[in-house]
Amino acid sequence: MLLRGLFNQSKEIQFFSFSNVLSYISLGAILVSIILFFTLGLNYGIDFRGGTMFMVSSSEKIKVSDVRNTLSGSNLGDVSISQATNPLETLSAGTLTSTDNIFMIKVEKTEGQNIETKVKALLLNKVPDIKFLQIESVGSKVSSELVRNGMLAVLFAVISVLVYIWLRFEWQFALGAVFALIHDVILTIGVFSILRYEFNLSIIAALLTIIGYSLNDTVVVFDRVRENLRNFKSLPLLKVLNMSINNTLSRTIMTSVTTLLALFALYFLGGDVIRGFTFAMIWGILVGTYSSIFVAAKILLILDVKRNWDEKESKAGTQF
Amino acid sequence: MPQLSFFRIFFIVIVCFSSLLFASPNFFYSTVDRKLDNPTQPSSWPDFLPSTLVKLGLDLRGGVYMLLEVKTDDVIREKFDFLWTDVRSSLVQKRKELGSIRRIDTSGDQLKIEIGNSENIDFAIKEIEKFNSSTELFSSKWSGSVQRDLLKISSLENIITITFSDEQKRTLEKQVIEQSVEIIRRRVDETGTREPTIQRQGRKRVLVQVPGLGSSEELIALLGKTAKLTFNEVVSIDSSSNFPAKLDEIVVGSEQNNDLFYLLKKRPVVSGENLTNAQPSFDENGLPAVSFNFNPSAALKFGNYTKDNIGSPFAIVLDNEVISAPTIRSHIPGGSGIITGNFSVDESNRLAILLRSGALPAEIEVLELRTIGPELGRDSINAGKLAALVGGLLVLTFMWLSYGLFGIFANVALMLNIILVMALLSILGATLTLPGIAGIVLTIGMAVDANVLVFERIKEEIKKNSSIYNSINIGYEKALSSIVDANVTTMIAAIILFFFGSGPIKGFSVTLGLGIITSVFTALLITRLFIDLYILFYRPKVLRV
């Protein structure tokens with residue numbers, strides 16, 4: 001077969017020979033992300049900011065400045081308009097045609113029906129053949145709850161993972177895994193901050209899935225580390241770690257590639273509504289794969305692991 | 001050599017067959033959907049096959065999603081206002097003993113009364129305690145049974161504080177919400193849409209989902225109004241609101257004229273809850289109106305009132321606005337009447353619906369409103385299908401190119417995996433959303449992981465020159481620990497998403513979680529079965545993974 005043996009490299013890659021540089025890069029990236037988060041901030045969707053969003057389509061070209069002028073004079077608060085990349089360009093089966101221009105219009109106010117009727121009337125006046133594909137309105141009460149729930153969910157996920165890994169391995173492994181997760185989450189937030197992609201509920205879902213996936217990767221490496229620590233008792237930890245990463249490398253690459261293949265299909269064909277979500281996932285898979293090797297294992301190396309796995313007193317480290 | 005127990009094969013075949021059976025309607029969605037719509041019509045979908053479809057979320061089929069909050073505090077405040085009127089008139093008669101009587105702090109969830117002579121406070125409390133079983137306090141339609149000891153009465157110096165017990169408050173809240181859900185359901189049903197969902201959420205909230213509705217305007221017009229209708233005696237009419245209102249009187253504006261105000265008796269003659277019917281109709285001038293009927297007791301009250309007040313106006317009040325104030329021209333004995341106002345035909349239709357369905361016990365606030373047009377939903381389905389198909393094909397090809405025959409084993413398992421997920425979604429009645437489709441596509445990518453873990457281990461064992469069967473056995477054994485750990489951690493994320501997520505996100509967590517379970521099942525049992533069968537029947541000399 002074509003790809004067979006592609007990953008059957010016989011030479012061991014020395015992952016830790018360049019890990020110091022990468023550690024600094026990682027730390028730097030985390031720092032930059034945190035700074036970006038506090039300075040530039042995130043482009044919150046109405047889920048988290050509150051407000052009303054109109055997704056509209058029209059066969060005519062809508063002049064963004066025109067619409068902005070019409071709306072901003074109407075006491076609606078902040079108005080923002082952006083053209084969506086047409087989700088249907090690649091699609092012939094859709095009911096919307098590729099000649100339709102799709103726009104997202106966001107206004108700050110919510111007050112239910114009044115805003116909706118008002119904006120609809122204003123837009124119909126300006127663009128007679130406008131179609132309203134989707135209208136979402138989230139009040140400030142709900143949006144603040146959604147923010148709180150989102151943060152709680154991510155926090156909960158990290159804590160449960162910490163506990164699970166601690167039970168199954170040792171505390172050094174748990175710290176390594178959790179630090180890798182935090183690394184992934186912060187970097188994802190950083191990328192969203194730079195690229196100004198909308199940060200909404202589905203991105204929280206993506207973050208949690210990234211946590212799950214990244215951990216998946218880390219755990220597979222750790223599992224092998226634990227096994228090799230048992231088998232090669234006198235080998236230095238660095239060598240054991242490096243061997244374990246090499247052992248699992250082809251699996252890491254295989255799974256990342258299959259997942260990425262599916263995600264790229266979603267990204268290009270799955271439509272605009274979930275494009276942000278798939279972008280977050282693709283980024284997360286890349287960062288997650290990187291972090292399970294260069295962050296999680298590196299931390300394990302720094303913290304040092306106890307080597308007496310066979311002794312009975314240890315309750316942790318149950319192996320199936 | 002591998003052992004093939006009858007039980008193992010039987011179990012796998014049963015699971016695969018039944019999941020295929022339950023998933024099958026979804027592959028002929030429109031045919032089955034038509035059959036479900038018209039069960040009497042002949043259909044090409046056979047009767048003996050299951051016809052449970054995966055429920056599509058609003059983001060896929062289009063519709064309106066609405067999160068409402070019922071302002072239960074208002075009801076409690078109203079109760080105390082009511083109580084204060086009664087308590088005051090009772091205490092006023094004992095003014096000699098009590099001195100001045102004053103309500104302080106009108107914040108709402110309590111009634112604080114200050115009296116002049118603090119030494120007689122016990123006397124006042126005794127008077128108030130008479131209200132402790134007041135039927136009046138909970139007498140309206142939604143009250144349920146009247147309970148004793150509704151009020152917690154405490155005093156400090158010359159101030160008496162009356163509150164509801166926490167339990168009482170909860171009961172009250174519960175009743176208000178339940179009644180609201182009922183009224184909302186009646187009103188939504190009037191729109192004639194298919195399968196609306198109306199459910200209570202949390203303590204004070206109601207979630208309304210109406211699939212197939214293209215715009216929320218009609219729905220909001222129906223739900224946004226409390227529709228509290230009362231018929232009140234008019235004391236006087238003026239162009240400014242500066243009336244010297246007495247305690248049992250209230251100033252209400254006009255619905256049509258901003259410069260017209262009415263001074264009305266607070267206690268209505270009759271109210272909307274006594275209506276038995278309301279229909280859109282036309283008045284004698286051919287203008288849209290709403291005709292109504294009272295129940296017998298209200299008809300009697302209304303009849304007596306009109307007999308005694310011929311020539312004076314009375315007000316028809318809807319949600320604290322006077323919609324009209326006709327003059328009583330004659331005795332109206334039959335308990336039926338007509339409401340005129342400046343209605344359009346649509347408005348009179350809507351008012352009739354509102355009056356028929358009854359008044360909401362409290363005002364509701366729209367917290368969240370999402371309208372998805374049907375075009376967008378259809379396109380999302382098409383886009384999701386296409387992405388799943390292309391993503392699936394890419395993964396299948398990649399697996400085949402990487403692992404050859406074993407890749408094909410994994411691929412068959414992967415396809416069964418998708419069918420299993422669809423079957424489980426149908427059986428559980430879970431809702432498929434766009435993020436849910438993303439979850440399935442993601443599952444396609446991640447599902448092969450367990451197989452990959454095993455195959456890589458087998459490869460390693462082959463390199464160590466183990467025998468063929470040993471390599472496979474040890475490969476599975478050693479990979480198990482990683483498979484469990486890796487999937488438990490993803491499962492944790494899915495479970496947390498399920499509990500914290502709302503709407504579409506919940507749909508994602510469901511498909512992700514189901515995908516994890518089925519992918520482990522298919523990798524450990526189905527792929528293994530294929531491999532064992534292959535070894536058993538082909539007896540390969542070398543294993544090429």
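Let me begin with helix 1 of chain B, which covers residues 6–27: its 22 residues reach 31 Å from the first C-alpha to the last, close to the 32 Å expected at 1.5 Å a residue. Please keep in mind throughout that what we are looking at is a predicted model. Helix 1 of chain B does bend, by about 30 degrees at B:Leu21, and within four residues there follows a proline, B:Pro25. That proline is also one of the buried residues of the helix, together with B:Ser19, B:Phe22 and B:Ala23. And what covers these buried residues? The cover includes helix 2, residues 29–37, and helix 12, residues 405–428, both of chain B.

Staying with chain B for a moment, I would like to point out B:Leu83, which sits in helix 4, residues 72–92. With 19 other C-beta atoms within 10 Å, B:Leu83 counts as partly exposed, because a residue is called buried at 20 or more. Its C-alpha atom is separated by 8.3 Å from that of B:Phe131, although the two residues are 48 apart along the chain.

Now to the later helices of chain B. Two packed helices are described by the angle between their axes and the distance between the axes. For helix 13, residues 434–463, and helix 14, residues 468–500, of chain B, the axes come within 8 Å and cross at roughly 140 degrees, and these two helices of chain B are therefore oblique to each other. Their crossing is right-handed. On the helix 13 side of chain B the residues that meet helix 14 include B:Leu453, B:Arg457 and B:Ile458, while those on the helix 14 side include B:Tyr476, B:Lys478 and B:Ile483.

Helix 14 of chain B deserves a closer look for its own sake. Its 33 residues should span 48 Å at 1.5 Å a residue, and the end C-alpha atoms are 47 Å apart, which agrees. There is nevertheless a kink of about 35 degrees in helix 14 of chain B, centred on B:Leu480.

How do helix 13 and helix 15 of chain B lie relative to each other? Their axes come within 8 Å and cross at roughly 25 degrees, so helix 13 and helix 15 of chain B are roughly parallel to each other. Here, too, helix 13 of chain B passes helix 15 of chain B in a right-handed crossing.

These helices bring us to the partner chain. In all, 63 residues of chain B are in contact with 68 residues of chain A. On the side of chain B that touches chain A, at least two residues each come from helix 8 (217–223), strand 18 (364–372), helix 11 (374–403), helix 13, helix 14 and helix 15 (504–538). Helix 11 of chain B gives the most to that side, with 18 residues.

Finally, chain A itself. Chain A holds 9 helices and 6 strands, and of its 320 residues 47% count as buried. If we take the contacts in chain A with a separation of 6 or more, 80% of them are accounted for by residues 24 or more positions apart. As one example of packing, the axes of helix 1, residues 19–39, and helix 9, residues 275–303, of chain A come within 10 Å and cross at roughly 105 degrees, and that makes helix 1 of chain A roughly perpendicular to helix 9 of chain A. In this pair, A:Ser19, A:Leu22, A:Ser23 and A:Ser26 of helix 1 of chain A meet A:Phe294, A:Val295 and A:Lys298 of helix 9 of chain A.

Definitions and conventions: Residues numbered from 1 in each chain as written. Chains lettered and ligands numbered in written order. Predicted model: local features only at pLDDT ≥ 70, side-chain atom pairs only at ≥ 80, totals over all residues. Expected span 1.5 Å × (residues − 1). Bend = angle between axes of the 7 residues up to and from the residue. Buried ≥ 20, exposed ≤ 12 C-beta atoms within 10 Å, placed from the backbone. Contact = placed C-beta atoms within 7 Å. Axes fitted to C-alpha atoms, helices over the stretch in contact; angles between N-to-C directions. Parallel < 35°, antiparallel > 145°, perpendicular 65-115°, else oblique. Left-handed = near helix turned anticlockwise from the far one by under 90°.
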